[in-house]
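The following exercises concern salt bridges, cysteines and a chain interface. Each task is followed by a solution in steps.

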Protein chains: 2
Amino acid sequence: MLKAVFFDIDDTLYDSTTLARRARLNSIRAMIDAGLEERDEARLYSLLQRIIKKFGSNYPRHYDELLNELGVPWNPKIVAAGVVAYEHTKFGYLKPFPGVVPTLIELRQRFRLGVISNGLAIKQWEKLINLSLHHFFDVVVTSEEVGCEKPSRRIFEVAVRRLGVASEECVMVGDRIATDVVGGKRAGMRTVWVRRGKYASSEPRSEEERPDAIIREIVELPEVLEKLSR
Amino acid sequence: MLKAVFFDIDDTLYDSTTLARRARLNSIRAMIDAGLEERDEARLYSLLQRIIKKFGSNYPRHYDELLNELGVPWNPKIVAAGVVAYEHTKFGYLKPFPGVVPTLIELRQRFRLGVISNGLAIKQWEKLINLSLHHFFDVVVTSEEVGCEKPSRRIFEVAVRRLGVASEECVMVGDRIATDVVGGKRAGMRTVWVRRGKYASSEPRSEEERPDAIIREIVELPEVLEKLSR
């Protein structure tokens with residue numbers, strides 16, 4: 001019998017890919033408005049993408065580094081313009097995917113719910129709180145707290161243990177095969193792949209990568225869980 | 001002849017005292033909502049005030065420290081709830097005082113405008129940008145960049161030099177006698193004290209503390225500058 005459902009956050013509960021893209025584009029426009037001499041938005045966007053890839057998305061000085069790469073002296077007006085535009089755009093896009101809230105309300109009556117997420121604890125909690133989803137989950141486990149990332153078994157085991165259930169009684173729901181499906185299966189969970197966003201075109205290439213179910217929207221989850229329970 | 005007008009930011013261009021108070025109160029309520037066991041808002045507020053005083057307003061971990069002082073284990077849900085509530089409240093209150101924008105538009109036709117502010121460069125620029133005031137100023141000087149704070153003469157001298165004017169041709173406008181008036185006078189500027197907010201009840205106690213003019217609202221500034229120009 002299924003007792004618990006675990007969710008990934010980014011691109012599973014909300015559209016993090018669109019958020020990041022729109023926020024970065026708006027931050028570039030704001031930096032140009034604040035006096036950045038380079039005005040080629042496409043060039044600046046691809047440079048910013050490279051910097052984020054190089055330093056990681058949690059590095060706090062992407063815009064300082066952008067100026068540095070452009071050979072421009074540090075300029076707090078331009079950096080602050082980028083930060084403010086990013087923040088405002090972020091709040092505008094931090095909304096759950098359509099159907100997520102009613103689905104969680106429904107699932108909450110039959111399952112315990114949790115989150116298993118790669119990232120910094122405070123940052124991931126801030127997302128859940130901005131999404132107004134933080135009251136739905138009995139347990140939220142982040143890789144920062146556990147010290148290892150999905151698909152490591154350990155992060156799934158910590159989540160399962162905190163809920164006091166067995167891994168066979170759990171389902172992991174996420175948009176990435178390589179982390180959510182592979183990790184969930186390794187830990188002994190059932191897995192549901194939400195095939196949308198930037199990983200939608202990937203394909204399971206082995207038994208380990210094959211989810212128990214594939215959905216496109218979270219609203220399909222209750223029906224899928226019904227089938228998996230039989 | 002007067003050529004330039006310099007402004008303080010906090011409690012001069014916008015109501016930073018009310019912002020800080022409302023944002024902190026909302027962060028406390030959000031932390032209680034997120035599970036903080038101590039529910040006495042007044043007690044939590046005064047504890048938070050003490051922590052901010054002890055660590056400074058730019059310390060990034062006030063809420064972590066609050067849990068620490070309460071003897072509660074670190075909890076990312078509660079800390080993130082405080083941060084998110086603070087941020088959202090902040091954006092709601094980051095609006096210029098009534099009359100600031102039309103007054104700056106008017107002054108911009110006759111004077112060069114600048115900002116002289118104690119604080120971190122990025123943080124102070126973020127405020128100006130959120131206030132949509134960043135395009136009004138020819139120069140913004142922060143204590144972080146100069147390496148000394150108001151009322152030190154040096155921060156005023158840097159601002160004056162950057163504009164290429166003489167200090168006798170400048171007016172400093174701010175809400176604090178101890179920093180804006182005393183510092184401006186020491187640097188050889190005229191000074192206008194905006195008597196509002198938390199320092200409204202202070203009184204000039206010496207010649208050094210006596211401003212050239214006292215106003216209650218920024219809208220009074222054009223008329224006052226007219227008189228000081230004669």
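A salt bridge is a side-chain nitrogen of Lys or Arg within 4 Å of a carboxyl oxygen of Asp or Glu. The model is predicted, so local features need pLDDT of at least 70 and side-chain atom pairs count only at pLDDT 80 or more, while totals for chains, interfaces and linings use all residues. Side-chain values use heavy atoms, with hydrogens and water left out.

**Exercise 1.** Determine with which residue Glu209(A) forms a salt bridge, and classify the accessibility of both partners.

Step 1. The partner is Arg205(A), with the closest N and O atoms 2.8 Å apart.
Step 2. Relative accessible area is classed as buried under 20%, exposed over 50% and partly exposed in between (1.4 Å probe, protein chains only).
Step 3. Glu209(A), at 11%, counts as buried, whereas Arg205(A), at 70%, counts as exposed.
Step 4. Elsewhere, Asp8(A), Lys150(A) and Asp180(A) are joined into one network by salt bridges that share partners.

**Exercise 2.** Locate the two residues of the salt bridge between Arg196(A) and Glu217(A) along the chain.

Step 1. The closest N and O atoms of Arg196(A) and Glu217(A) are 3.5 Å apart.
Step 2. Arg196(A) lies in the loop between β5 (190-194) and β6 (213-215) of chain A, and Glu217(A) in the loop between β6 and α10 (221-229), 21 residues apart. Helices (H or I, at least four residues) and strands (E, at least two) are DSSP runs, numbered from the N terminus.
Step 3. Arg196(A) is partly exposed at 23%, as is Glu217(A) at 31%.

**Exercise 3.** Explain why Cys170(A) has no disulfide with Cys148(A).

Step 1. A disulfide requires a pair of cysteine sulfur atoms within 2.5 Å.
Step 2. The sulfur of Cys170(A) is 16 Å from its closest cysteine sulfur, that of Cys148(A), which is too far for a bond.
Step 3. Over all chains, the count is zero disulfides.

**Exercise 4.** Describe the interface of chain B and chain A.

Step 1. With contact meaning heavy atoms within 4.5 Å, 21 residues of chain B touch 21 residues of chain A.
Step 2. The buried area (accessible area, 1.4 Å probe, that two parts lose on being put together, summed over both) is about 2,000 Å², of which carbon and sulfur atoms give 75%.
Step 3. Zero salt bridges are found across this interface.
Step 4. On the side of chain B that touches chain A, α4 (76-93) and α6 (121-130) are the elements giving two or more residues. α4(B) gives the most, with ten residues.

Note on methods:
Residues numbered from 1 in each chain as written. Chains lettered and ligands numbered in written order.
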